[in-house]
Amino acid sequence: MDRYRDFHHRSIHDREAFWRAEAALIDWHEPFREVLDFSRPPFSRWFVGGRTNLCHNAVDRHLKDRAAQPALVYLSTETGDRRIFTYAELHAEVNRMAAVLASLGVGRGDRVLVYMPMIAEAAFAMLACARIGAIHSVVFGGFAAASLAARIDDAQPKAMVTSDAGMRGGKPVPYKHLVDAALRLAKHPPAKVLIVDRGIDKAMARTSGRDVDYAELRAKHLSASVPCAWLESSEPSYILYTSGTTGTPKGVQRDTGGYAVALASSMRRIFAVPPGEAMFTTSDIGWVVGHSYIVYGPLINGSTTIMYEGLPIHPDPGIWWKIVAEHKVRTMFSSPTAIRVLKKQDPKYMRMHDVSSLERLFLAGEPLDEPTARWASESLGVAIVDNYWQTETGWPILSAQPGVEDTPRKFGSPSFPVYGYDVRLVDEATGRESGTDQKGVLTIAPPLPPGCMTTVWGDDERFVRTYFGTIPGKSLYSTFDWAIRDADGYYFVLGRTDDVINVAGHRLGTREIEEAVQSHSGVAEVAVVGVADTIKGQIPVAFAVLKDPSRAATADAAAAMRKEVMDAVDRQLGAIARPGQVHFVTLLPKTRSGKLLRRSIQALAEGRDPGDLTTIEDPGALEQIRAALAAR
Ligand code: AMP
């Protein structure tokens, strides 16, 4: 482990020299004056004074050597589309999209909200924003109108880019329809909505003056050549919203230069993908993994990225292995939930395809259980690289780093701190560092490395308070995850310290779901907890107190009410947040000071001991939870 140890050590103790060398992996239009400005902790500014552009690094700079190499392979098993864009073609498409956005009045520093299915134009839109210095905010297509409206109001975009519809499992999923609903709710709607019409939703409505058609405008800009805006390194590249403990999602703001360097560096040192090779990342552009390792990372690295629209089991459960075989994929990045879904399928689907090219399968987004890791490793004959990170960090915090040194991995552990991250496990109450095998909060001593969030969009104070204000006596960035480190230095992530849950790798705040349940006028109070699930990791389960308990008095009435509550969540947040179960009780377990005893509720729902109950106001409330669970 010496090479890894030395690399990590240098990244922290010889920070400037280390990151100066890594910064040479990207093109700078103007060199930076200073590697790091940490004069206003905990804020860090990387590569101060340097001017660069993400789109230039992801596209233009490869034209010299890779113009004819595939840059983006777009595959849809929903529509049957298969399009391959070389770097030259990607360059042309991004220029067209950039010209169209500019013609709509979008310029440097303006926000553009991207609400799109997994189509190539979504990547063009992101890169086009980066090109002109506009700040994109991609919202995952599974979010409902109210969530979308909240993000619109926070980012106040000048324009939105959307599509008539996506497809999921052969069924159309309306996007534009949802955008219309969100724009009716939003207080700061954008002036223009750019629509990539796929011809799926024939009944799509258009608002004249506001809605414009991409194909029409693109035709006017076929030979467009839009110069890259040379942004100062710390100028924002994008905002990506993520859930926390409050009902209001946070806009994670990312810089430009630091992010480009972190991605260029991690593609080599962690993912070990050489330029020219294909990388297949199965996430969605609406998540951070999609930003970093479908769009920007592979392209900055001069690799070929594979963008897939569809399910892992449609048209059959061999589809991903077919893609691996056809494109000779050596490096794949997916999520534990997806692998658990595939593990349940007939193994013949895997045997139908030659997956011998595959060497490494990176998995992230949620805890990776040992049986799943073992199964994937053995049946695919590949190395499994569990990597742990967050929307906030933009790239892995804990991971094996095979591009530095091929260290042995332990199942159940995302290995070690990634270079650049000064990880500390600390006691939540005292801030003291935890010893070997001692549970602590996983924190990072600032400065956060390049690529990490620079602030909460529009709210510096919230950034400091939320992330750096929870460990007594110390300014440490909290991940809000528990972890332990074993005697060999391997970390094991044990779950969240807060009320955030993880459903199929998607992070959701229980508070957000509670607010959505309470949007139903019949609900007086509710507690939502995350309950262990064999496929999705966790599912939300709701315990609701009704204003009028008779509305759940009979089995039929309760079933009808349950459906109404689930529909309310679908409307507010989207189906991804829909509770797996809704139970009705007349009382919720709380402490005498009125705090919900979520951990006890969760323990009961998982069949565990509810723990210390000395502070409970009324023990009858827990009995009700027990009874409700038993009656299921
Ligand atoms: P998100 O910001 O949506 O990517 O969610 C980040 C959270 O997912 C982390 O704070 C962890 O709770 C969890 N997470 C991500 N990757 C892993 C992993 N490899 N092992 C365990 N938990 C993970």
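Visitor: In this predicted model, how far is a nitrogen atom of the ligand from a polar backbone atom of glycine 365?

Guide: A pair of N or O atoms counts as a polar contact within 3.5 Å, and this is the cut-off to keep in mind here. The model is a predicted one, and in it the polar backbone atom of glycine 365 and a nitrogen atom of the ligand are separated by 3.1 Å.

Visitor: Which residue places an N or O atom of its side chain 2.6 Å from an oxygen atom of the ligand?

Guide: Asparagine 387 reaches the ligand through its backbone, where an N or O atom lies 2.8 Å from a ligand nitrogen. The contact at 2.6 Å, by contrast, involves a side chain and an oxygen atom of the ligand, and the residue that provides this side chain is threonine 391.

Visitor: How much of the accessible area that the ligand has on its own does the protein cover?

Guide: Threonine 391 has a side-chain N or O atom 2.6 Å from a ligand oxygen. Taken on its own, the ligand has 500 Å² of accessible area, and the share of this that the protein covers is 93%.

Visitor: How many of the residues in the shell around the ligand are charged?

Guide: There are 14 residues around the ligand, and those that come nearest are Asp386, Thr391, Asp481, Arg496 and Arg507. The shell divides into 4 nonpolar residues and 5 polar ones, while the number of charged residues is 5.

Visitor: In the open sheet of 8 strands, which strands stand at the edges?

Guide: The strands of this open sheet follow the order E12-E11-E8-E6-E7-E14-E15-E23, and their pairing is mixed. A strand with a single partner has one side left without a neighbour in the sheet, so the edges are held by strand E12 (211-213) and strand E23 (455-456).

Visitor: Which residue in E15 stands opposite tyrosine 238?

Guide: Strand E14 covers residues 238-242 and strand E15 covers residues 250-254, and the two run antiparallel with 5 bridges joining them. Within this pair, the residue of E15 opposite tyrosine 238 is arginine 254.

Visitor: What angle does the direction of helix H6 make with that of E7?

Guide: Helix H6 (residues 120-132) packs on the sheet and touches strand E6 (111-115), strand E7 (135-138), strand E8 (159-163) and strand E11 (192-196). Its direction, set against that of E7, makes an angle of about 150 degrees.

Visitor: And which strands does helix H7 touch?

Guide: Helix H7 (residues 145-155) also packs on the sheet, and its direction makes about 165 degrees with that of E6. The strands that helix H7 touches are E6, E8 and E14.

Visitor: Which glycine in the turn between E9 and E10 has a positive phi?

Guide: Strand E9 (residues 165-168) runs antiparallel to strand E10 (residues 171-174), and 4 bridges join them, with methionine 167 opposite proline 172. The two strands form a hairpin with 2 residues between them, and the residue in the turn with a positive phi, of about 60 degrees, is glycine 169.

Visitor: By how many degrees are neighbouring strands turned against each other, on average, in the sheet of 4 strands?

Guide: This open sheet has the order E21-E22-E24-E25 with antiparallel pairing, and its edge strands, E21 (423-426) and E25 (491-496), each pair on one side only. With direction ignored, the average turn between neighbouring strands is 45 degrees.

Visitor: What is the bridge partner of isoleucine 444 in E24?

Guide: Strand E22 (residues 440-444) and strand E24 (residues 477-485) pair in the antiparallel sense over 4 bridges. In E24, the partner of isoleucine 444 is tyrosine 477.

Visitor: Where does proline 447 lie?

Guide: Proline 447 is joined to proline 446 by a cis peptide bond, with omega at about 5 degrees. As for its place in the chain, proline 447 belongs to the loop between E22 and E23.

How values were computed
Residues numbered from 1 in each chain as written. Predicted model: local features only at pLDDT ≥ 70, side-chain atom pairs only at ≥ 80, totals over all residues. Heavy atoms only, no water. Near = heavy atom within 4 Å. Polar contact = N/O pair within 3.5 Å; in protein donor to acceptor, adjacent residues only side chain to side chain. Areas by Shrake-Rupley, 256 points an atom, 1.4 Å probe, with all protein chains shown as cover. Nonpolar A, V, L, I, M, F, W, Y, C, P; charged D, E, K, R; others polar. Pairing = 2+ DSSP bridges. Contact = heavy atoms within 4.5 Å. Axes fitted to C-alpha atoms, helices over the stretch in contact; angles between N-to-C directions.
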